[in-house]
Every structure is written in C-alpha cells, then in structure tokens.
Amino acid sequence: MDTLWITCQLLVFLFTLGLIYLYHHFTQLRRLGIPGPTPWPIFGNILHQMIRGIENTDKEWTKKYGKIYGMYNGFKPTIVVSDINVIKSILIKDFSNFQDRPHNGNLPKLFENGLFFMRGHVWKNTRNIITPTFSTGKLKNLIPIVNKCAETLADNFTAVTGQQDVSVREYFVNFTMDAIASTAFGLDIDSQKKPNDPFVTNIDPIFKLRRLPRIYVTISAIIPGIGPLLRKLGFSSIPKESVQFYEDVGKALIEERRKKNLGRVDFLQLLMEAEFDENKQDHVSNNVPGQHNDGTVKKVMKLTDDEVNGQAFVFFLAGYETTASFLRYGSYVLALHPDVDEKLQNEIQQCIGDDEPNYENIGRLKYMEQFVHEVLRCYPPVTRLTRSTKSDITINNITIPAGSSIHVPVWQVQHNEEYYENPDKFDPDRFSPENRGSTDNVSFLAFGAGPRHCIGMRLALVEAKIALIYILRKVKFVKSEHTKVPLDLSHFGLMRPRQPVRVGVVKR
C-alpha cells in the first residue's frame with residue numbers, strides 16, 4: 001500500500017511539474033510583451049492554422065495583434081513579422097543572427113544537401129561556391145535551351161485555340177519540367193509530349209502534401225527532436241520513393257560525367273566545376289601558386305558529389321513549381337485584363353519582333369518586367385519566409401529570444417495597403433520606374449531579400465519572360481464562364497488555387 005501511495009504521489013508530482021513547465025513554455029512570448037493568440041497545450045497554434053487555413057489565420061491575427069505577434073508552431077515559439085523595418089533588420093541588417101532557416105529534421109538528405117536548407121558556415125561556404133554559377137555569361141548559355149521548350153509550349157496552346165475551358169497548369173508545369181531538366185541536368189525529358197515519363201510522374205507527389213505526411217509534419221512540430229527519428233524509421237513528409245528516383249538519377253549523371261568529358265553547358269556541370277578560394281582577396285607573395293605570404297596553403301573549396309546532387313535537385317524543385325505557378329497566375333490575369341495583354345503584345349512586337357529572345361532583347365521589355373513583378377506581388381508562390389534566431393536580440397523594443405522561429409507572411413506584406421495603394425487591384429504601373437521608388441525594397445518579397453534571397457532569381461525571370469514571349473506571339477487568354485473570379489487560394493506550403501485555373505484560348 002505504501003509503495004502504491006508513493007507511486008501515485010510521484011506521478012502527481014511529475015504531472016504537476018509537467019503542467020508547470022508547459023505553462024511556463026507557452027507563456028514565454030506573452031511575458032516578453034509579444035501579443036498573440038492563446039496556444040493549446042502541446043499543439044500550440046498549429047491546429048488553428050491547419051483547421052482554419054494559414055491565409056485566414058495570418059490575416060486575422062495580423063489585424064487583431066498587429067504587425068508583430070507571437071504564436072507557437074507546435075512546440076516552437078514563433079514570431080510573425082510584417083513590419084517593414086523589423087523585416088529589414090531580420091533579412092539584411094542583422095542577418096548574421098537570422099541566417100538559418102528552421103526545419104524539423106524530417107527531410108531526406110537530398111534536401112538537406114541543397115542550399116535552401118543548409119545552415120551556418122556550410123550554407124555560407126556553399127553559397128560562395130555556387131554564386132558564380134548564376135553569372136550573366138553562364139545564364140546566356142542556358143537561354144537557347146529555354147527557347148526550345150517555350151516554342152513547344154506555344155505550339156501546344158495553339159493546338160487548343162478556340163477552346164473555352166483550358167486548365168493551364170499542365171501546360172506550364174510540363175514546360176518548366178522540360179526547361180529545368182535541360183538546364184539543370186542536361187536531360188531532354190520532353191514532358192510536353194511524354195507526360196508519363198518517370199522524371200515527370202515522380203515530381204508531383206513531392207509537392208502534394210497529403211493527409212498522412214501532414215501528420216508527420218504535425219508530430220515533428222509538437223515533439224522537439226522527433227523529426228530525425230521519424231526519418232530514420234522511414235516516416236517522412238516527402239515521399240521517399242520519388243526522392244530516391246531523383247537521387248539515383250543525379251548520382252548516375254555525376255558518375256557518367258566524372259568518367260567522360262561530355263562538354264555539357266548545364267547547371268550540373270557548372271556545379272561540378274565550381275570552386276571558391278576563401279582567401280582570394282589575400283595577397284600571395286613570391287608568385288608561389290596557392291600559397292600565402294606567411295607560407296600557409298590557400299584553401300580552395302569545392303562541392304562533394306552529394307552536395308552537387310543536392311544543389312541540382314533543389315534548384316530543379318524550386319524552378320519547376322515556382323515558375324509554373326507564376327505562368328498559371330499570369331495567364332489568369334491576362335484573361336481578366338485584355339488591356340494588359342495588348343500592352344505586352346505590342347511591346348514584344350516593338351522590342352523583339354520575330355527575333356529569337358536573348359538576354360539583351362529581353363532586357364528591353366520594361367512593361368513585361370512590371371507585369372512579372374505585379375503578378376508575383378499578387379500571387380507569391382511562397383507565402384512565408386522563415387528564419388531562426390541564433391541569440392537573443394532586441395529590435396524596435398521587441399526582445400526575440402534565441403531559438404525562436406521567425407515567419408514573414410509574404411502575402412500579408414504584399415497586400416498591405418500601407419505599402420501598396422489599393423493592393424487588391426492588379427496594376428503593373430505600380431512597378432514603373434517613376435513609381436518603383438515609392439515602396440520599400442523589402443515590401444516585395446517574392447524572391448526574399450538580403451544575403452539569403454533566391455539565388456536562381458534571374459534565371460527564373462528570364463525563363464518566365466521567354467515563355468510569355470512565345471505564347472503571346474501566337475495566342476491570347478480570355479475569360480470564360482469556367483474562369484473562377486476571384487480565385488480561392490490555399491496558402492499551405494506553396495500557394496495553390498483550390499480549383500484549377502481555367503481560361504479560354506484564342507488565336508492571336
């Protein structure tokens with residue numbers, strides 16, 4: 001009886017201690033003076049977002065608690081920031097304290113070997129190595145590949161002219177699949193004609209976060225440190241069969257190129273050849289190659305084969321869905337705004353005519369540049385930027401504790417009437433040269449900002465513009481009875497319409 005009583009007392013004590021710990025943990029942001037919604041025990045506020053939708057909670061909580069508020073993404077204290085000055089500190093001014101992106105450890109190694117998820121000095125070194133890969137000269141060499149894919153895209157739309165119920169996504173994802181597979185891996189997939197190719201069929205499962213993987217995401221959020229364990233046990237939010245397919249393809253390509261000099265001009269080859277001398281600014285004395293004036297050896301960094309494979313794969317993922325997303329929303333906007341379509345078509349005729357697009361003549365398309373930015377403002381593919389704090393820091397009298405996650409709600413910032421007048425109106429002229437300076441540079445976050453902005457931004461913009469040039473030369477998109485206005489958008493992960501974007505296609 002005494003043993004049972006002692007056991008019960010111990011359990012009560014441990015339970016009470018646990019409650020005290022949880023209360024202390026889930027009130028830390030409030031004690032710091034950061035307002036926010038009341039968290040649920042264990043789950044924090046993650047269920048609020050999953051049930052009501054990120055788009056709704058971001059909007060409601062920003063309106064209720066202001067531009068800086070706190071929530072708990074599962075167990076992790078998270079501060080949501082839409083204040084421009086604080087965003088600038090996080091992404092640029094105090095970047096060294098917000099360098100890393102948080103993730104739950106439930107990612108395949110192929111993902112973790114990519115620049116997007118790297119952390120600390122590993123990220124910095126890798127960024128230095130691969131930055132020259134995106135130089136203007138190397139970008140120019142990739143444009144003929146994109147031109148070929150865009151010509152096929154325009155032909156495919158020409159084949160359905162006269163139809164009033166065209167779901168545009170499949171056309172655009174097949175185009176970006178071909179363009180990115182060619183520019184990244186040197187592979188001629190031709191998914192626009194062969195949609196059942198394994199390179200095509202394995203990509204969508206990675207982006208479609210189904211019910212069971214969402215459970216893994218939730219468990220990883222509410223139980224600290226369990227993400228890596230779930231991964232070791234074979235449970236991941238990313239389908240392992242699809243990831244394994246791309247990992248095997250990448251390894252085979254790298255091995256083939258190590259054995260043969262194929263003379264490729266693609267991203268994979270550039271990564272294999274990329275290197276960075278971390279002391280390249282140092283003076284080297286006595287003309288001794290690779291040696292400093294103190295006699296030490298200079299260190300030249302290169303990527304391992306696993307890192308090459310990871311960079312190429314993440315580049316492929318990022319370029320595939322985001323560019324297709326822009327083109328999908330771009331076609332929708334053009335269907336609703338025939339005046340914008342006319343301006344774009346006229347500019348193409350005046351600046352390029354029937355010439356093949358290249359880096360120089362694309363640069364003359366000023367109105368198209370405005371159009372692209374406005375589409376990305378209205379429909380940013382990534383609706384949140386995330387960072388984690390290295391140490392305690394106070395910004396604008398707000399103390400952000402070490403280990404916190406930071407969420408920047410891109411959609412909310414880019415639709416804030418404080419930064420963009422009449423933000424729900426589509427108006428490319430807000431990005432005209434005379435108006436561009438009226439908005440802060442971090443109020444447009446489609447590609448991020450600061451040292452960790454999207455490294456592939458220029459290639460993505462060139463790819464999108466080339467696609468538009470070829471399409472608008474041949475067809476125009478028109479609103480039909482099947483075009484849903486406004487779109488019902490989901491902000492979970494990448495922003496997606498809940499129903500397919502459908503428009504009519506008319507011959508130019």
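**Strand pairing and burial in a predicted model**

Trainee: In this predicted model, which residue of β13 stands opposite Lys-476?
Mentor: β10 covers residues 475–478, and β10 pairs with strand β13 (residues 502–507) in the antiparallel sense over four bridges. In β13, the residue opposite Lys-476 is Val-506.

Trainee: What angle does the direction of α16 make with that of β10?
Mentor: Helix α16 packs on the sheet and touches both β10 and β13. The direction of α16 and that of β10 make an angle of about 75°.

Trainee: Which are the edge strands of the open sheet that contains β13?
Mentor: The sheet is open and antiparallel, with its three strands in the order β3-β13-β10. An edge strand here pairs on one side only, which applies to β3 (166–167) and β10 (475–478).

Trainee: How many residues does α16 give to the largest nonpolar core?
Mentor: That core has 137 residues, and Phe-157, Phe-371 and Leu-445 touch the most other members. Helix α16 (residues 305–336) gives the most to this core, namely 16 residues.

Trainee: Is Glu-307 buried or exposed?
Mentor: Glu-307 lies in helix α16. Beyond its neighbours within four places in sequence, Glu-307 is in contact with Asn-113, Met-118 and Lys-302. Buried means under 20% relative accessible area. The relative accessibility of Glu-307 is 19%, so Glu-307 counts as buried.

Trainee: How far apart in space are Glu-307 and Thr-394?
Mentor: In sequence, Glu-307 and Thr-394 are 87 residues apart. In space, C-alpha to C-alpha, the separation of Glu-307 and Thr-394 is 36 Å.

Trainee: Which residues of β9 lie on the side opposite Ser-405, His-407 and Pro-409?
Mentor: In a regular strand the side chains alternate between the two faces of the sheet. Five of the five residues of strand β9 (residues 405–409) are buried, so β9 is largely enclosed by the rest of the structure. Both faces of β9 are covered: Ser-405, His-407 and Pro-409 are buried on one side, and on the other side so are Ile-406 and Val-408.

Trainee: Which residue of β9 is the bridge partner of Ser-388?
Mentor: Strand β2 (residues 76–81) runs parallel to β9, with three bridges, and Val-80 stands opposite His-407. Strand β6 (residues 384–388) runs antiparallel to β9, with five bridges. In β9, Ser-388 has as its bridge partner Ser-405.

Trainee: Which residue of β9 is in contact with Leu-445?
Mentor: Leaving aside neighbours within four places in sequence, the contacts of Leu-445 include Ile-87, Leu-91, Leu-385, Val-410, Val-413 and Gln-414. Another contact of Leu-445, which lies in β9 and is buried there, is Val-408.

Notes
Residues are numbered from 1 along each chain as its sequence is written. This is a predicted model: local features need pLDDT of at least 70, side-chain atom pairs count only at pLDDT 80 or more; totals for chains, interfaces and linings use all residues. Side-chain values use heavy atoms; hydrogens and water are left out. A nonpolar core is a set of buried Ala, Val, Leu, Ile, Met, Phe, Trp, Tyr and Cys residues joined through side-chain atoms within 4.5 Å. Buried means under 20% relative accessible area, exposed over 50%, partly exposed in between (1.4 Å probe, protein chains only). Helices (H or I, at least four residues) and strands (E, at least two) are DSSP runs, numbered from the N terminus. Contact means heavy atoms within 4.5 Å. Two strands pair if DSSP finds at least two bridges between them. Axes are lines fitted to C-alpha atoms, for helices over the stretch in contact, and angles run from 0 to 180 degrees between N-to-C directions.
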